[in-house]
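Open the model in your viewer and keep the selection panel at hand. The tour goes stop by stop.

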Amino acid sequence: MKKILFVASESVPFIKTGGLADVVGSLPKYLDKEKYDVRVIIPKYQCMKEEYKSQLNYVTHFYMDLGWRTQYVGVLEMKYEGVQFYFIDNEYYFAGFKPYGNIYEDIEKFAFFSKAALSALPVIGFQPDIVHCHDWQTGLIPVFLKDRFHDGPFYANMKSIMTIHNLKFQGVWDMKTIKNITGLSDYYFTPDKLEMYGDANYLKGGLVYADALTTVSPTYAEEIKTPFYGENLNGLMSARAHDLRGIVNGLDYNEWNPETDTMIYKNYNAKNFRKEKVKNKLGLQKDLGLPQNENTFMIGIVSRLTDQKGFDLIDYMMEEMCQQDWQIVVVGTGEERYENMFRHFAWKYPDKVSANIYYSEDMSHKVYAACDAFLMPSLFEPCGLSQLMSLRYGTLPIVRETGGLKDTVVPYNEYEGTGTGFSFANYNAHEMYNTIRYAHSVYVDKKREWNKLVDRAMAADFSWKASADKYAELYDWL
């Protein structure tokens with residue numbers, strides 16, 4: 001039985017700000033329980049839901065050095081859906097209304113968390129073979145494992161994996177402060193280790209010292225070796241290319257299932273979607289005050305409204321798009337200029353644009369079920385889950401060929417009768433617009449072809465099962 005420990009700053013259902021939480025909460029459930037004993041450690045945040053906080057059991061507490069300070073470390077635990085979770089408690093670090101705050105506070109908070117997670121292991125009696133670390137918040141763990149934890153027999157053979165969910169966030173702060181907080185010697189603060197442009201970088205430390213590296217799609221694993229996507233770490237990613245692999249995130253197929261989804265207007269499946277799916281469109285049109293017409297081409301967007309997601313392209317073509325006989329439904333929040341752009345077009349073209357500038361789980365399910373196409377023209381996208389959700393609901397994704405979008409959406413080929421969506425290669429507004437127009441022409445003029453695309457989209461399997469097998473392969477290799 002191999003023992004695996006996941007260490008991360010968030011996990012569903014306890015605390016979530018992004019896709020990282022989905023991976024940490026879902027992946028352990030799908031690994032073979034006969035072969036792997038997988039446990040998870042996350043912080044016990046003050047802002048966790050009360051229903052979970054009240055179920056935690058106290059395990060133990062101890063005091064730990066952090067640089068020159070001594071800090072309290074409480075350990076609590078709970079089993080959730082068959083997975084053992086541990087929570088590191090310290091009110092000084094984990095109070096507050098949200099898990100992340102100012103970077104200078106987070107730098108100390110996650111140094112504490114990383115060291116506490118390792119220090120707690122002998123006390124709770126769990127000796128993992130592999131410590132699987134996620135994103136910059138746990139970047140110090142591989143460093144600590146090679147440093148102060150390396151001497152004792154308990155830690156000597158532990159291997160570590162570093163998973164990058166988004167290379168943009170690296171945990172960078174000034175070197176003097178980080179030396180002071182971590183107590184690491186000057187040896188670690190050189191350009192081939194934690195130092196970068198005169199500062200110290202947590203993620204870089206993890207990427208240098210971990211035994212294996214992963215990221216959340218094969219294409220992104222290639223892209224981050226290039227200057228454009230590499231966020232100044234492309235040299236290091238190229239140097240460690242033989243230790244790096246890309247594994248696409250899965251989607252929880254129980255939660256995202258048009259046949260059983262309680263949030264949508266009308267349930268449907270791959271057999272009856274031709275008749276039933278459209279009832280979702282009519283329901284959404286009615287609720288949003290759009291003209292009800294089952295033949296109108298409806299495009300959905302559920303996203304953070306940021307540059308990363310390609311909204312400058314949409315901004316550039318929006319007036320043009322509103323001249324077509326399309327309806328555009330947006331759900332999300334983000335940069336003010338994009339929020340206001342959508343509000344403006346919803347005011348100017350109330351029959352064509354619905355701007356829902358808030359985030360709602362309920363509304364996002366309705367959009368995935370109701371729309372004909374889903375637009376996602378990202379500048380970069382490590383994995384992306386929205387396109388997996390839209391495939392699952394038979395809403396055809398229109399994406400830019402980058403990162404996980406390129407790995408999961410097969411572009412329509414009218415000559416071979418293949419594909420599960422539509423894509424364009426260059427980060428170019430007119431190329432995006434022409435791809436949407438092409439999708440629309442297939443929708444209007446070749447309805448049978450469109451429905452076959454939907455058949456293939458709904459048959460694609462991006463459940464966690466497939467991803468879990470690839471992670472299991474990595475654990476065995478290590």
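## Stop 1: a three-stranded sheet

Select helix 7, residues 202-209. Helix 7 lies across strand 9 and strand 10, at about 55° to strand 10. This is a predicted model, so treat every stop as a prediction.

Now add the strands beneath the selection. They belong to an open sheet of three strands, in the order 8-10-9, with antiparallel pairing. Strand 8 (172-174) and strand 9 (195-196) stand at the edges, and each has a single partner strand, so one side of each is left without a neighbour in the sheet. Zoom in on strand 9 and strand 10 (residues 199-201): two bridges join them in the antiparallel sense. Pick Glu195; its bridge partner in strand 10 is Ala200.

## Stop 2: a six-stranded sheet

Move on to strands 13 to 18. They form an open sheet of six strands, ordered 15-14-13-16-17-18, with parallel pairing. Which strands stand at the edges? Strand 15 (353-356) and strand 18 (422-424) do; each has a single partner strand, so one side of each lacks a neighbour in the sheet. From one strand to the next, the twist averages 15°.

Select strand 13 (residues 297-302) and strand 16 (residues 373-376). They pair in the parallel sense over two bridges. Label Ile299: opposite Ala373 in strand 16 is where Ile299 stands.

Two helices come next:

- Helix 16 (residues 429-445) lies across strand 13, strand 14 (326-331), strand 16, strand 17 (396-400) and strand 18, and runs at about 160° to strand 18.
- Helix 17 (residues 447-459) lies across strand 13, strand 17 and strand 18, and runs at about 80° to strand 17.

## Stop 3: an enclosed helix

Select helix 13, residues 361-370. Eight of its ten residues are buried, so helix 13 is largely enclosed by the rest of the structure. The buried residues are Met363, Ser364, His365, Lys366, Val367, Tyr368, Ala369 and Ala370. What covers the buried residues of helix 13? The cover includes helix 10 (273-288), helix 14 (386-392), and strands 13, 14, 15 and 16.

## Stop 4: helix 11 against helix 12

Show helix 11 (residues 311-321) with helix 12 (residues 336-348). Their axes come within 11 Å and cross at roughly 25°. Angles under 35 degrees count as roughly parallel, and helix 11 and helix 12 are therefore roughly parallel to each other. The crossing of helix 11 past helix 12 is left-handed.

Turn on side chains at the contact. From helix 11 come Phe311, Asp312, Ile314, Asp315, Met318 and Glu319; they meet Arg337, Tyr338, Met341, Phe342, Phe345 and Lys348 in helix 12. The contact residues divide into seven nonpolar, no polar and five charged.

## Stop 5: helix 18 and its contacts

Finish with helix 18, residues 464-477, and select Ser467 within it. Is Ser467 buried or exposed? Ser467 is buried, with a relative accessible area of 6%. Leaving aside neighbours within four places in sequence, Ser467 is in contact with Ile247, Val248, Asn249 and Gly250.

Now bring in helix 1 (residues 19-30). Helix 1 and helix 18 pack at an angle of about 80°, with their axes 9 Å apart. That makes helix 1 roughly perpendicular to helix 18. Asp22, Val23, Ser26, Leu27 and Tyr30 of helix 1 meet Trp464, Lys465, Ala468, Tyr471 and Tyr475 of helix 18. The residues of this contact divide into seven nonpolar, one polar and two charged.

Conventions
Residues numbered from 1 in each chain as written. Predicted model: local features only at pLDDT ≥ 70, side-chain atom pairs only at ≥ 80, totals over all residues. Heavy atoms only, no water. Pairing = 2+ DSSP bridges. Helix = DSSP H or I, 4+ residues; strand = E, 2+ residues; numbered from the N terminus. Axes fitted to C-alpha atoms, helices over the stretch in contact; angles between N-to-C directions. Contact = heavy atoms within 4.5 Å. Buried < 20%, exposed > 50% of the residue type's maximum accessible area, 1.4 Å probe, protein only. Parallel < 35°, antiparallel > 145°, perpendicular 65-115°, else oblique. Left-handed = near helix turned anticlockwise from the far one by under 90°. Nonpolar A, V, L, I, M, F, W, Y, C, P; charged D, E, K, R; others polar.
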